[in-house]
Every structure is written in C-alpha cells, then in structure tokens.
Amino acid sequence: MSDRPHAKPSVLFVCVHNAGRSQMAAAFLTHLAGDGVEVRSAGSAPAERLNPAVVEAMAEKGIDLTGLAPKLLTPEAVRASDYVITMGCGDTCPVFPGKTYLDWRLDDPAGQGLDSVRPIRDAIERRVRELLTEIARPDRA
C-alpha cells in the first residue's frame, strides 16, 4: 500500500492544529494496537502546544499525552502511511494513489473545556476501535 515495504500497517491522523483530535486518535491507536501498527499524527497548521483539556481528558483514560508536541504535516508522512485519516484539514491534505483515505467528521476541541472534550474523545475512541478491526481483517493483508 505505501511507497515503502514494511510488515505492519501504518496510519496517519491529520487535523488542522494537531493539538486535539489527531493526537487523541494516534494515542488511542498506539494504546490499543501496541507495536502492531505504525502510528503518526500531524497538522496542516500545527499549534504551539496540545490542548490542555485534551491532555486531561486522555489522562482520564490512562493515556499520557504530556511531552507531545504538534507536528507539521509533510508529503513524506502521507507517502509513508497506508491509511490517512483526516479530521477537518480540508484541501490541505496531500493525496497520493494507493492510500486508504477516511474523513472523520468530529467536533474540534480547540477552545473547549473538559466537559466538551470528553464526548469528542469517546467518539474518537469508538472510531479507532472500528479502524483497528478493519486493519486487522485478514483480507486487508
């Protein structure tokens, strides 16, 4: 699927600021898949730091995001991924043939408090679990 040979599937989560949705999705997939999936996240216009409410919401799930920083989306990151999951990055996401592209429509947690971030977090966890089931299907190998 990707332009480089590898034994495990790779997933790139992309949102605008890489400070909330894509970071939560990457953290959930890493937490659930362990080293069975290569996971990365990026943003089309990265923020300076992660959303503090996102960090707190993920800590409630036992996942520590402290120390992570938003990263800039690059064509190389897309090329190196089998799955590209976008979350509101619009037309700024580069498209390459042979990739599986999914667009997850989720509320943006930017500027939101913890009570507003929790349902977004929970929706992302459900979608990541569904994605993991899809990736693990034998006919996807």
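The second largest pocket of this predicted model has a volume of about 160 Å³, and its lining combines six nonpolar, three polar and three charged residues. Helix H1 (21-33) and strand E2 (38-43) are the elements that give two or more residues to that lining. Beside the pocket, this briefing covers the nonpolar cores, of which the largest has 32 residues.

**Second largest pocket**

- The residues that line the second largest pocket are Gln23, Ala26, Ala27, Thr30, Val39, Arg40, Ser41, Ile63, Asp64, Leu65, Leu68 and Lys71.
- Among the elements, H1 gives the most to the lining of this pocket, with four residues.

**Largest nonpolar core**

- Within the largest nonpolar core, which counts 32 residues, the members that touch the most other members are Val11, Phe13 and Trp104.
- At least two residues of this core are supplied by each of strand E1 (10-15), H1, helix H2 (52-59), strand E3 (83-86) and helix H4 (114-136), and the largest share, eight residues, comes from H4.
- In soluble globular proteins, nonpolar side chains tend to be buried together.

**Contacts of Val11**

- Leaving aside residues up to four places away in sequence, Val11 touches Leu29, Val37, Glu38, Val39, Arg40, Ser81, Tyr83, Ile85, Leu131 and Ile135.
- Two of these partners of Val11, Val39 and Arg40, also appear in the lining of the second largest pocket.

**A separate core**

- Apart from the largest nonpolar core lies another core, made up of eight residues that include Leu12, Val14, Val78 and Phe96.

Methods:
Residues are numbered from 1 along each chain as its sequence is written. This is a predicted model: local features need pLDDT of at least 70, side-chain atom pairs count only at pLDDT 80 or more; totals for chains, interfaces and linings use all residues. Side-chain values use heavy atoms; hydrogens and water are left out. On a 1 Å grid over the protein atoms alone, a cavity is a set of points where a 1.4 Å probe fits but cannot get out, and a pocket is an open set with protein on both sides within 12 Å along at least five of seven lines; lining residues have an atom within 4 Å of a point. Grid points are joined across faces, edges and corners, and a volume is the space filled by probe spheres set on the points. Ala, Val, Leu, Ile, Met, Phe, Trp, Tyr, Cys and Pro count as nonpolar, Asp, Glu, Lys and Arg as charged, and the others, Gly among them, as polar. A nonpolar core is a set of buried Ala, Val, Leu, Ile, Met, Phe, Trp, Tyr and Cys residues joined through side-chain atoms within 4.5 Å. Buried means under 20% relative accessible area, exposed over 50%, partly exposed in between (1.4 Å probe, protein chains only). Contact means heavy atoms within 4.5 Å.
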